[in-house]
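Work through the exercises below with the sequence and the model side by side. Try each task before reading its solution.

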Amino acid sequence: MLRKNIRSSVFVLLALAACTSKNNVKITGGIKEAENQKVYLEQLNVDQAVIIDSTKTDRYGHFTFKTATSLPTFYNVKIGPKEFITFIAEPEDHIELSGTLNGLSQNYWVDGSENSLWVKLLNFQLNNTHVMMDSLKKSFAALPAEATSERQKIAAAWDSIVNKQINFSKDFILKHAISPASYYALYQKFDQDNFILNPDNDLHSYKVVASSMKAMYPESQYTKAILNHLDQINKAIQNMKIKQLINNSEGSLPEIHLPNAQGDTIALSSLKGKYILLDFTVLNSKDGVGYIQEMKKIYNKFKNRGVQIYQVCLDPNKLAWQSLVKQLDINWICVWDPDGLKSRAAQMWNIQRVPANYIINPKFEIVGKNLAGQRLEDRLNDLLK
């Protein structure tokens with residue numbers, strides 16, 4: 001829940017509030033195959049990247065920039081629409097960049113800035129992760145739906161790669177907490193919508209970065225941003241606890257907060273006031289496809305009569321589950337519990353086997369349990385009279 005609601009203002013790196021009056025940073029570069037190219041120096045701001053200077057390479061691909069800063073600042077040197085180098089500059093730095101134009105963000109070296117080398121390491125590791133994830137996606141998509149065993153192996157490999165990247169980022173932050181590169185690590189992404197670290201699972205990493213940045217650079221805008229972000233996270237956690245207390249005082253049914261295939265966390269209690277068919281199942285099972293077809297019949301008959309389906313999937317692998325949600329064209333609320341068959345939600349709802357379901361009325365009371373087929377239809381019809 002915290003992932004999308006809190007981060008919108010801090011994902012891009014921050015600019016400084018003040019700069020020194022003189023150009024105290026020098027950036028020189030020599031990029032192979034980049035002769036007579038337009039080069040831009042871009043400062044990475046909190047809400048946008050701002051071009052602060054530009055020049056043109058000579059016939060050897062050489063260029064020079066001078067700029068001013070009073071605290072560590074993140075920059076890009078960009079050549080063309082796609083090629084760039086991200087680095088950190090501090091007062092009195094002379095940073096030397098070298099590399100090859102094609103694939104510059106990976107094919108470069110930096111001298112004169114240890115922090116920039118940490119950024120390079122972070123990008124190198126994430127690029128390797130992206131390459132492996134892309135390869136697995138292609139292999140997974142190429143397999144027929146009935147190749148369950150092969151798909152499960154790929155899905156397990158996917159989880160291993162994801163966990164390795166998460167552990168790398170967390171370990172990097174602990175080892176390099178005093179470097180501004182730890183701030184960069186905190187906001188790296190697997191893709192456009194998914195951060196490697198998130199407040200739900202990695203709050204300790206946020207606290208480490210906030211504490212170290214406050215100690216090292218108390219006046220930096222980076223510090224102010226992470227402290228503000230951490231404050232929003234803490235408020236959101238507190239609001240969630242208050243909401244849970246209210247929900248628990250209104251009824252005795254256990255709450256569920258789990259993400260759907262798009263990564264949005266949805267609370268079971270958000271459906272209060274409607275009839276809810278709370279369903280627990282495993283999509284990637286022998287009878288999964290047939291079960292979903294039966295659920296579709298129920299959904300199509302009752303969706304316009306005020307019945308909502310909240311389906312909790314206990315699949316062991318997220319990638320396989322997401323693929324099946326799309327493949328089976330599931331349009332009701334379908335969420336995933338990363339704990340699988342050890343799901344805390346399933347334990348709280350006393351689920352002994354799957355599939356299993358409850359019917360919950362608008363007062364958030366259980367009015368039916370483990371009904372299927374015609375019995376489920378009859379019970380819903382009785383309730384909706």
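**Exercise 1. Check the length of helix α3 (residues 148–175) against the span expected at 1.5 Å a residue.**

Step 1. Fix the term: helices (H or I, at least four residues) and strands (E, at least two) are DSSP runs, numbered from the N terminus. Step 2. Take the rule: the expected span is 1.5 Å times one less than the number of residues. Step 3. Apply the rule: α3 has 28 residues, so the helix should span 40 Å. Step 4. Compare: the end C-alpha atoms of α3 are 40 Å apart, which agrees.

This is a predicted model, in which local features need pLDDT of at least 70 and side-chain atom pairs count only at pLDDT 80 or more, while totals for chains, interfaces and linings use all residues. Residues are numbered from 1 along each chain as its sequence is written, and side-chain values use heavy atoms, with hydrogens and water left out.

**Exercise 2. Find which residues of α3 are buried, and what covers them.**

Step 1. Set the cut-offs: buried means under 20% relative accessible area, exposed over 50%, partly exposed in between (1.4 Å probe, protein chains only). Step 2. List the buried residues: among them are Arg-151, Ile-154, Trp-158, Gln-165, Phe-172 and Ile-173. Step 3. Look for the cover, counting a contact when heavy atoms lie within 4.5 Å. The cover includes α2 (114–142), α4 (181–186), α5 (199–216) and α8 (318–327). Step 4. Set this beside the whole protein: buried residues make up 49% of its 385 residues.

**Exercise 3. Describe the salt bridges of Asp-171, Asp-231 and Asp-382.**

Step 1. Define the bond: a side-chain nitrogen of Lys or Arg within 4 Å of a carboxyl oxygen of Asp or Glu. A search of the whole structure finds six. Step 2. Start in α3. Asp-171 forms a salt bridge with Lys-175, with the closest N and O atoms 3.1 Å apart. The two residues are four apart in the helix, so about one helical turn separates them. Asp-171 is partly exposed at 35%, and Lys-175 is exposed at 61%. Step 3. Move to helix α6 (residues 221–250), where Asp-231 and Lys-235 also lie four residues apart, about one turn of the helix. Their side chains meet at 3.3 Å, N to O. Asp-231 is partly exposed, at 34%. Step 4. Finish with Asp-382 and Lys-385, whose closest N and O atoms are 3.5 Å apart. Asp-382 is partly exposed at 41%, while Lys-385 is exposed at 81%.

**Exercise 4. Work out the order of the five-strand sheet and the helices that touch it.**

Step 1. Strands pair if DSSP finds at least two bridges between them. Step 2. Read the order: β13-β12-β11-β14-β15, an open sheet with mixed pairing. The edge strands, β13 (333–336) and β15 (366–369), each pair on one side only. Step 3. Take the twist: neighbouring strands are turned by 20° on average, direction ignored. Axes here are lines fitted to C-alpha atoms, for helices over the stretch in contact, and angles run from 0 to 180 degrees between N-to-C directions. Step 4. Zoom in on β11 (residues 275–281) and β12 (residues 307–313): seven bridges join these parallel strands. Asp-279 stands opposite Gln-311 in β12. Step 5. Add the helices. Helix α7 (residues 288–302) packs on the sheet, touching β11, β12 and β14 (356–360), at about 160° to β12. Helix α10 (residues 373–383) lies across β11, β12, β14 and β15, at about 10° to β14.

**Exercise 5. Do likewise for the four-strand sheet.**

Step 1. The order is β3-β2-β5-β6, open, with antiparallel pairing. Its edges are β3 (49–56) and β6 (83–89). Step 2. Neighbouring strands are turned by 25° on average, direction ignored. Step 3. Strand β5 (residues 73–79) pairs with β6 over seven bridges, and Ile-79 stands opposite Glu-83 in β6. Step 4. Helix α2 packs on this sheet, touching β5 and β6, at about 135° to β6.

**Exercise 6. Place Lys-22.**

Step 1. Lys-22 sits in the loop between α1 (2–6) and β1 (25–32). Step 2. Lys-22 is exposed, at 52% relative accessibility. Step 3. Its contacts, not counting residues up to four places away in sequence, are Thr-67, Ala-68 and Glu-92.
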